[in-house]
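Please go through the chain shown here from its overall dimensions down to single residues. The report is written for a reader who wants to check each value against the coordinates.

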Amino acid sequence: MKTFDVVALGELLIDFTENGTSAQGNPIYEANPGGAPCNVLSMLNKAGKKTAFIGKVGQDIFGKRLKAVLEETGIDTSNLITDADVRTTLAFVETFADGDRDFSFYRNPGADMMLREEELNEDLLKDTQIFHFGTLSMTHEEVRKATKKAIRIAKESGALISFDPNLREPLWKSLDEAKEQVAYGLSQCDILKISDNEIQWYTGEQDFDAGIRKLKSEYDIPLIMLSIGKEGSRAYYKDLRVEVAPFLQKNTIETTGAGDTFGGCCLYHVLKYGLENLDKAKLKEMLTFANAAASIITTRKGALRVMPEIAEVERLIAETAK
């Protein structure tokens, strides 16, 4: 048995999200701890799973706060590096009336992109059931090397590989480079969480099923979860295609972290049932739970510190079923 259920590598940063306006009419920004991989881990911790994070923050007020938040959340920080020579990455998030978002990153460089392959704790990577990553740790050469080495170590040690492209266009020199690194992630993963706009961008197919068929023809990915925002989600597993409706909330305020919450819940169900033992009923259970949890997170500011409890998710499902 492995010590950790899920180990993730990638960005840990501060999401500055709008939270009202000042007396002068200026937007007020709240410093929320964030970063997609740690959002995933935080949801898994709420589900009782043991997790660890590999990454780098600056030796500054934000880096210290982020480390403290991970420890408060229960995420292992033994391979969270603190660097005195670079600042913690910051992201300013603008939320539009329809709930969509725009990101402005302060990352030139940011601490998360300065992780080096020699800084990896290899024992940690050998001691996990699932290794999870995205593409923000593949935007620059050195952290890309670290990511690829981590994937190789985890895979050789028998871990399942989980990948979320989490495309952030402003962070790439070109979308061609982004597509190249997404292709690498797709070639390595056993579990893929991808969004509607990402599948359309990567495959060039506007129809989601056509896009998934194109992916499956090129890559051997056992389980693909597709998040479709207000349309719900789908899972593709062997010859199965399962679709579940969303849990729409009247009091939704923003969507930051919703996809990560969804992804964390899906990994929770993979750990619960195993990747080889899924069927239509289990996939429907997985998507229903993940959709409900993601719906709850849209009613809260931030994500990492406010992930829903299992009982809270189950209560929403039960109430909606009445």
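The sections below go from the whole chain to its cysteines, its backbone geometry and a few chosen residues.

## Overall build

The model is predicted, and its secondary structure comes to 10 helices and 13 strands. The C-alpha trace spans about 50 × 50 × 40 Å along its principal axes. For 322 residues, a compact globule would be expected to have a radius of gyration near 20 Å, and the 18 Å found for the chain agrees with that.

Of the 322 residues, 56% count as buried. When contacts with a separation of 6 or more are considered, residues 24 or more positions apart account for 71% of them.

## Surface and charge

The chain exposes about 14,000 Å², and carbon and sulfur atoms supply 46% of that area. There are 40 positive and 50 negative charges, and the mean positions of the two sets are 3 Å apart.

## Cysteines

How many disulfides does the structure hold? The number is zero, and the distances for two of the cysteines can be set against the cut-off, since a disulfide is counted when a pair of cysteine sulfur atoms lies within 2.5 Å. The sulfur of Cys-265 has its closest cysteine sulfur in Cys-266, at 7.0 Å, which is too far for a bond. For Cys-189 the closest cysteine sulfur is likewise in Cys-266, but at 13 Å, so a bond is again excluded by distance.

Both of these residues are shielded from the probe: Cys-265 is buried with a relative accessible area of 1%, and Cys-189 is buried with a relative accessible area of 3%.

## Backbone geometry in the loops

Most residues other than glycine have a negative phi, and most peptide bonds are trans. Against that background, the peptide bond from Asn-108 to Pro-109 is cis, with omega near -5°. Pro-109 belongs to the loop that runs between strand 7 (101-106) and helix 3 (122-126).

Two residues that are not glycine carry a positive phi, Asn-166 at about 45° and Lys-238 near 55°. Asn-166 is placed in the loop between strand 9 (160-164) and helix 5 (175-188), while Lys-238 sits in the loop between strand 12 (233-237) and strand 13 (240-244). Are these loop residues buried or exposed? Asn-166 is buried, with a relative accessible area of 10%, whereas Lys-238 counts as exposed at 55% relative accessibility.

## Residues in helices

Val-182 lies in helix 5 and counts as buried at 3% relative accessibility. Leaving aside neighbours within four places in sequence, Val-182 is in contact with Thr-135, Phe-163, Pro-165, Trp-201 and Tyr-202. Its C-alpha atom is separated by 9.4 Å from that of Asn-166, the two residues being 16 apart along the chain, and Asn-166 is the residue with the positive phi of about 45° described above.

Ile-297 lies in helix 9 (residues 280-297) and counts as buried, with 0% relative accessibility. Apart from neighbours within four places in sequence, its contacts include Glu-254, Thr-256, Gly-257, Ala-258 and Thr-261, and also Gly-302, Ala-303, Val-306, Met-307 and Pro-308. Val-244 is 53 residues from Ile-297 in sequence and 18 Å away in space, C-alpha to C-alpha. Ile-61, which lies in helix 2 (residues 61-73), counts as exposed at 53% relative accessibility. The C-alpha atoms of Ile-61 and Leu-267 are separated by 32 Å, with their positions 206 residues apart along the chain.

## A glycine in strand 4

Gly-55 is placed in strand 4 (residues 51-58) and counts as buried at 1% relative accessibility. Which residues does Gly-55 touch, not counting those up to four places away in sequence? They are Gly-10, Asn-79, Leu-80, Ile-81 and Leu-115. The C-alpha atoms of Gly-55 and Ala-111 are separated by 8.5 Å, although these residues are 56 apart along the chain.

Terms used:
Residues are numbered from 1 along each chain as its sequence is written. This is a predicted model: local features need pLDDT of at least 70, side-chain atom pairs count only at pLDDT 80 or more; totals for chains, interfaces and linings use all residues. Side-chain values use heavy atoms; hydrogens and water are left out. Helices (H or I, at least four residues) and strands (E, at least two) are DSSP runs, numbered from the N terminus. The radius of gyration is taken over C-alpha atoms; the globule rule is 2.2 Å times the number of residues to the power 0.38. Buried means under 20% relative accessible area, exposed over 50%, partly exposed in between (1.4 Å probe, protein chains only). Contact means heavy atoms within 4.5 Å. Accessible areas come from the Shrake-Rupley method with a 1.4 Å probe; for residues, only the protein chains shown count as cover. Lys and Arg count as positive and Asp and Glu as negative; His and the chain ends are not counted. The place of a charge is taken as NZ of Lys, CZ of Arg, CG of Asp or CD of Glu.
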